[in-house]
Amino acid sequence: MIFVTVGSMFPFDRLIRAMDAFAATRSSCKIAGDCAAGEHAAGERAEEIVAQIGAGGYQPAHMRWVRGYSRADYLRAVLGCDLVVAHAGMGSVITAGEYGKPIVLLPRRAAFGEHNNDHQADTAAWLGGRPGIHVAQGEDALGACIAAARAGIRAGDGKGGDGALRAIDRAAPPEFLARLRAFALGAAAPEFPAGPPVRAARADSR
Amino acid sequence: MAKTKVMAACSDGGHWVQMRRILPAFAGMEICYVGTAPAADVDLDAGPGGGPGGRAARYHRVRNVSRRDPLGFTVILWQMARILRAERPDVIVTTGAAPGLVALAMGKILLRSRTVWIDSIANTERLSMSGRLARSVADAWLVQWEHLSAPEGPRFWGAVL
């Protein structure tokens, strides 16, 4: 199953339209059980595609869709999929990573009204090429990225020796956690000498 | 002995996913949550006394304001004031965006809480707009990319990945 998600904030019709068109080309695979596009081995059924479309105006005709999920259902969808296709949002990237799923990213563009700025392009530039992360610069490149991600699934992407991507840890690195903890418990932060006034930390909180 | 009380306040989506990765920093402390999702994650740490058979994690939902929803700021100021008076946190930490900024600002004004701003790891090239605005209300004003830090702030203490 391919899971498509636009995140929790804004619609992303450009991604949903493109994935709906992609899903349409898979119809013959679904019906006949083989694949004219050559993406599946003989007899292998085409995968289902499910999309979370948010407040999008475009309603897909060729794939199952919902507007939003509870967090539990969203995680279940990620867990149950083979591949995530998403906007280049860190929530999508981190969640796919924590579940060991490959992800194809299409960055939102401010010029299309898809976000307030182009930071998703910056995010994608940083992440592209890492194991299990495939960046489509435009919606026309989604098909090729999906094929590459699927080839990665088969060939053994990432570092897992068993051919599967290794899931990342679910907590930040311990050094960062330690600094945050020390601050919460009342450690001074001399790096911020001009900071705003604070209440004294509880005397018994160390 | 009273435990340190932490409030973790942020938007849903990527901001919340990043917040979940730093929550272990506050293990053992009293903790409550402010977010924009309809409901809390079922597996949230409820702090001392919580967990199976104990009380559920305290979660407060607020309006998902952004620069596209300026009217919502009136609503969230009211919501946040109520929440802060009820919870009275010692520490308020946020991974952004605008709702988190409101939590820091009001917590600083109303309670003089210790405040932490952590700009999103997604911002690889520049501090976010709300991150810039957080300077005056964050005791710890942090970015997740060292090249974005400066001697006068924001500072780099690490990243969620």
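At 18% relative accessibility, B:Gln79 counts as buried, since the cut-off for that label is under 20%. In this predicted model, B:Gln79 sits in helix 2 of chain B, which covers residues 72–87. Setting aside neighbours within four places in sequence, B:Gln79 touches B:Arg61, B:Val62 and B:Arg63. With the last of these there is also a polar link: the side chain of B:Gln79 comes to 2.9 Å from the backbone nitrogen of B:Arg63.

B:Arg63 has another partner as well. Its side chain meets that of B:Asp69 in a salt bridge, at 3.1 Å from N to O. The two ends of this pair are not equally covered: B:Asp69 is buried, with a relative accessible area of 17%, while B:Arg63, at 33%, is partly exposed. Elsewhere, salt bridges with shared partners tie A:Arg71, B:Arg20, B:Asp41 and B:Asp43 into one network.

As for confidence, chain B has a mean pLDDT of 94, with 99% of its residues at 70 or more. The model as a whole scores ipTM 0.96 and pTM 0.87.

Salt bridges turn up in both chains. Over all chains, the search comes to 14 of them. One of these joins A:Arg14 to A:Glu114, with the closest N and O atoms 2.8 Å apart. That pair links distant parts of the chain, 100 residues apart: A:Arg14 belongs to helix 1 (residues 13–25) of chain A, whereas A:Glu114 is in the loop that runs between strand 5 (103–106) and helix 5 (119–127) of chain A. Both A:Arg14 and A:Glu114 are buried.

Chain B offers another example in B:Glu30 and B:Arg55, whose closest N and O atoms are 3.4 Å apart in a salt bridge. Here B:Glu30 is in strand 2 (residues 30–35) of chain B and B:Arg55 is in the loop between strand 2 and strand 3 (58–61), so the pair ties together parts 25 residues apart in sequence. Both ends are partly exposed, B:Glu30 at 24% relative accessibility and B:Arg55 at 32%.

Turning to the sheet in chain A, six strands make up an open sheet in the order 3-2-1-4-5-6, with parallel pairing. Strand 3 (64–66) and strand 6 (133–135) are the edge strands, each pairing on one side only. From one strand to the next, the twist averages 20°.

Strand 1 of chain A is a handy place to see how the sheet is put together. On one side, four bridges connect strand 1 (residues 2–5) to strand 4 (residues 83–87), the two running parallel. Within that pairing, A:Val4 has A:Val85 as its bridge partner in strand 4. Four bridges also connect strand 1 to strand 2 (residues 49–52) of chain A, again running parallel. There, A:Phe3 has A:Val50 of strand 2 as its bridge partner.

In a regular strand, side chains alternate between the two faces of the sheet. Strand 1 of chain A shows A:Ile2 and A:Val4 pointing one way, with A:Phe3 and A:Thr5 pointing the other way, and all of them are buried.

Helix 4 of chain A (residues 90–98) holds A:Ile94. With a relative accessibility of 1%, A:Ile94 counts as buried. Once neighbours within four places in sequence are left aside, the contacts of A:Ile94 are A:Ile168 together with B:Val17, B:Gln18, B:Arg21, B:Val160 and B:Leu161. By contrast, A:Gly143 is 49 residues away along the chain, and its C-alpha atom is separated from that of A:Ile94 by 22 Å.

Among the chain B contacts of A:Ile94 are B:Val17, B:Gln18 and B:Arg21, which are also among the buried residues of helix 1 of chain B. That helix spans residues 14–22, and seven of its nine residues are buried, so it is largely enclosed by the rest of the structure. The buried set also includes B:Gly14, B:Trp16, B:Met19 and B:Ile22.

Key. Residues are numbered from 1 along each chain as its sequence is written. Chains are lettered from A and ligands numbered from 1 in the order in which they are written. This is a predicted model: local features need pLDDT of at least 70, side-chain atom pairs count only at pLDDT 80 or more; totals for chains, interfaces and linings use all residues. Side-chain values use heavy atoms; hydrogens and water are left out. Buried means under 20% relative accessible area, exposed over 50%, partly exposed in between (1.4 Å probe, protein chains only). Contact means heavy atoms within 4.5 Å. Two strands pair if DSSP finds at least two bridges between them. Axes are lines fitted to C-alpha atoms, for helices over the stretch in contact, and angles run from 0 to 180 degrees between N-to-C directions. A salt bridge is a side-chain nitrogen of Lys or Arg within 4 Å of a carboxyl oxygen of Asp or Glu. pLDDT is the predictor's confidence in each residue, from 0 to 100. A polar contact is a pair of N or O atoms within 3.5 Å; within protein, one must be able to donate a hydrogen and the other to accept it, and residues adjacent in sequence count only if both atoms are side-chain atoms.
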